[in-house]
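Please open the model in your viewer with the sequence panel alongside, and follow the selections below in order.

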Amino acid sequence: MRTLALDIGNTAVKYGCFEQDTLCESASGQTTAQVLAAVQRLRPEHVVLASVAEPTATWAAELRALVPGRVLEFVPATTPLPIANAYATPQTLGADRLAAAVGAAWLLPGRDVVVVDAGTAIKCDLVEAAGGFRGGSIAPGLALRFRALHEFTGRLPLVAGLPDPTEAVPLTGTDTASAIRSGVLNGATAEVAGLLADYAARYPGLAVVLAGGDAPFFRARLKGPIFVVPELVLIGLHRILVHHVAT
């Protein structure tokens with residue numbers, strides 16, 4: 001079975017084409033025309049789409065004209081899942097968070113997992129082996145932190161750009177720009193490391209899965225065994241679609 005998963009995010013549109021459970025093609029930063037052209041070229045049997053940025057109805061209508069099987073609009077509150085969802089307000093839950101949790105549970109069955117999705121926001125979510133998706137935390141991503149310091153103060157400059165993943169960020173900034181870089185980058189690293197340490201103390205044998213555009217930055221700075229899965233949300237969407245088709 002060939003499927004296509006479409007992730008409409010805050011800053012980019014990404015698709016992934018799966019042959020059975022193997023990701024055979026993916027692309028990010030796509031326009032609507034580029035996605036529809038990819039669908040015509042790849043000819044998936046079924047499509048799943050999720051969005052945290054805009055309604056999916058228009059996308060779904062265009063896809064249904066091209067796809068012979070199902071076009072599933074993933075809605076966290078109502079779409080059947082292969083894992084339990086214990087979130088108290090599923091109607092407010094971002095589709096990307098829940099899809100990433102499904103992907104992590106499928107990749108690491110029988111494990112307690114924390115998913116760190118470092119993109120526009122930094123999301124740290126717990127998936128219990130016995131209890132499914134439990135929830136987690138949401139904090140501003142690195143780019144948002146840089147922008148906030150500039151836009152909500154009178155004189156702080158906009159400092160942009162991440163260092164090479166292996167480049168050290170000095171703890172003590174010697175000018176305003178380097179002080180901002182230390183606060184944002186070292187502060188975010190300490191924040192995530194602290195959350196992971198707290199989870200590890202409560203869940204022996206905890207697994208950590210890292211995804212999102214800033215994953216390379218955090219992977220170079222976080223200790224312990226970590227699974228880096230850049231396409232985790234797409235994998236989770238694919239598994240949700242497979243579950244939907246099967247049921």
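Which strands and helices do the buried residues of helix 5 pack against? Before selecting them, note that this is a predicted model, in which local features need pLDDT of at least 70 and side-chain atom pairs count only at pLDDT 80 or more, while totals for chains, interfaces and linings use all residues. Residues are numbered from 1 along each chain as its sequence is written, and side-chain values use heavy atoms, with hydrogens and water left out.

Select residues 176-202, which are helix 5; helices (H or I, at least four residues) and strands (E, at least two) are DSSP runs numbered from the N terminus. The buried residues of helix 5 (buried means under 20% relative accessible area, exposed over 50%, partly exposed in between, with a 1.4 Å probe and protein chains only) include Ile-180, Leu-185, Val-192 and Tyr-199. To answer the opening question, the buried residues of helix 5 pack against strand 6 (113-118), strand 7 (121-128), strand 8 (132-140), helix 4 (142-151), strand 9 (207-211) and helix 6 (215-219), where contact means heavy atoms within 4.5 Å.

Next, select Asp-175 together with Ala-177: Asp-175 caps the N-terminal end of helix 5, with a side-chain oxygen 3.4 Å from the backbone nitrogen of Ala-177, and a polar contact is a pair of N or O atoms within 3.5 Å.

Now move to helix 1 (residues 32-42) and select its buried residues, Val-35, Leu-36, Ala-38, Val-39 and Leu-42. They lie on the same side of helix 1 because they cover an arc of only 155 degrees around the axis, the arc being that of the directions from the helix axis to the C-beta atoms. The buried residues of helix 1 pack against strand 1 (2-8), strand 2 (13-19), strand 3 (22-27) and helix 2 (57-64), whereas the face turned away from the buried side carries the exposed residues Ala-33 and Arg-41. Just after helix 1, Arg-43 takes a positive phi of about 55 degrees.

Finally, select the open sheet, which 5 strands form in the order 3-2-1-4-5 with mixed pairing; two strands pair if DSSP finds at least two bridges between them. Strand 3 and strand 5 (71-73) stand at the edges, each with a single partner strand, so one side of each is left without a neighbour in the sheet. Strand 2 and strand 3 run antiparallel and are joined by 5 bridges.

Note on methods. The expected span of a helix is 1.5 Å times one less than its number of residues. A polar contact is a pair of N or O atoms within 3.5 Å; within protein, one must be able to donate a hydrogen and the other to accept it, and residues adjacent in sequence count only if both atoms are side-chain atoms.
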